[in-house]
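Colleague: I am new to this structure and would like a close look at a single part, the sheet. Please walk me through how the strands are arranged and what lies around them.

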Amino acid sequence: FVDTKQMMVKQKFEVAEALTNAAANLLGISWFVCGFGEMTNRYEATATDVNNNTSTFHATETSELHGWTGRCFCRPNHKLQMRVKNEKGQEILWLDRGCKLGGCFSC
């Protein structure tokens, strides 16, 4: 990423998550539904270097089994793990951020 002059990141749209959140908001129960509709967040990034060559990367945010509670109660401070792969599917970066609240009960 040293020679990168521009990077565009787009989160992929998850229909099931959007429908669950919309229904919960409509019914006024978003506090109850919390993270039940949470899906794995996926991103696509396109990087352009100083020579105008482009590369595409795919990133996936993962959570452990109890991750939905962290997303619910600790939003946006929840534990975060993200794997970034290049165009060939090779993992080039792995991010691991602990809960910003210091390891609360839900993370």
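Modeller: What follows is a tour of the sheet, strand by strand, with a few stops beside it. Keep in mind that this is a predicted model.

Start with the whole chain. Its secondary structure comes to three helices and five strands. Along the sequence, the pattern reads β-α-α-β-β-α-β-β. The chain has 107 residues, and 27% of them are buried.

Now the sheet itself. Five strands build it, and the sheet is open. Their order is β1-β2-β3-β4-β5, with antiparallel pairing. Two strands stand at the edges: β1, residues 4-11, and β5, residues 91-97. Each has a single partner strand, so one side of each is left without a neighbour in the sheet. From one strand to the next, the twist averages 20°. As for what holds such strands together, the strands of a sheet pair through backbone hydrogen bonds.

Before going further in, look at what comes after β1 in the pattern. Helix α1 covers residues 15-27, which makes 13 residues. From first C-alpha to last, α1 reaches 18 Å, close to the 18 Å expected at 1.5 Å a residue. Glycine 28 follows α1 and has a positive phi, near 75°.

Next comes the loop between β2, residues 42-49, and β3. Asparagine 52 is found there. Its phi is positive, about 65°, although asparagine 52 is not a glycine. Most residues other than glycine have a negative phi. Asparagine 52 has 51% relative accessibility, so it counts as exposed; the cut-off for exposed is over 50%.

Move on to β3 and β4. β3 holds residues 54-62 and β4 holds residues 80-85. They run antiparallel, and five bridges join them. Two facing pairs help you find your way. Histidine 58 stands opposite lysine 85 in β4. Threonine 62 stands opposite glutamine 81 in β4. That second pair deserves a closer look. Threonine 62 and glutamine 81 are 19 residues apart in sequence. In space, their C-alpha atoms are 5.4 Å apart. Glutamine 81 has a relative accessible area of 15%, so it is buried; buried means under 20%.

The other neighbour of β4 is β5. Six bridges pair β4 with β5, again in the antiparallel sense. One of the bridge pairs is leucine 80 with arginine 97 in β5. β4 and β5 form a hairpin, with five residues between them. Glycine 89 sits in the turn, and its phi is positive, about 85°.

Finish on the surface. A nonpolar patch of about 520 Å² is made by Phe1, Met7, Val9, Ile92, Leu93 and Leu95. β1 and β5 each supply at least two residues of this patch. The largest share, three residues, comes from β5. Take isoleucine 92, whose place is in strand β5. Isoleucine 92 has 39% relative accessibility, so it counts as partly exposed.

To trace the route again, begin at the edge strand β1. Go on through β2, β3 and β4 in sheet order. End at β5, the other edge strand. Then pick out the patch, to which both β1 and β5 contribute.

How values were computed:
Residues are numbered from 1 along each chain as its sequence is written. This is a predicted model: local features need pLDDT of at least 70, side-chain atom pairs count only at pLDDT 80 or more; totals for chains, interfaces and linings use all residues. Side-chain values use heavy atoms; hydrogens and water are left out. Two strands pair if DSSP finds at least two bridges between them. Helices (H or I, at least four residues) and strands (E, at least two) are DSSP runs, numbered from the N terminus. Axes are lines fitted to C-alpha atoms, for helices over the stretch in contact, and angles run from 0 to 180 degrees between N-to-C directions. Buried means under 20% relative accessible area, exposed over 50%, partly exposed in between (1.4 Å probe, protein chains only). The expected span of a helix is 1.5 Å times one less than its number of residues. Patches are made of residues with over 30% relative accessible area and no salt bridge: like charges are joined within 9 Å, nonpolar side chains (Val, Leu, Ile, Met, Phe, Trp, Tyr) within 5 Å. Accessible areas come from the Shrake-Rupley method with a 1.4 Å probe; for residues, only the protein chains shown count as cover. A salt bridge is a side-chain nitrogen of Lys or Arg within 4 Å of a carboxyl oxygen of Asp or Glu.
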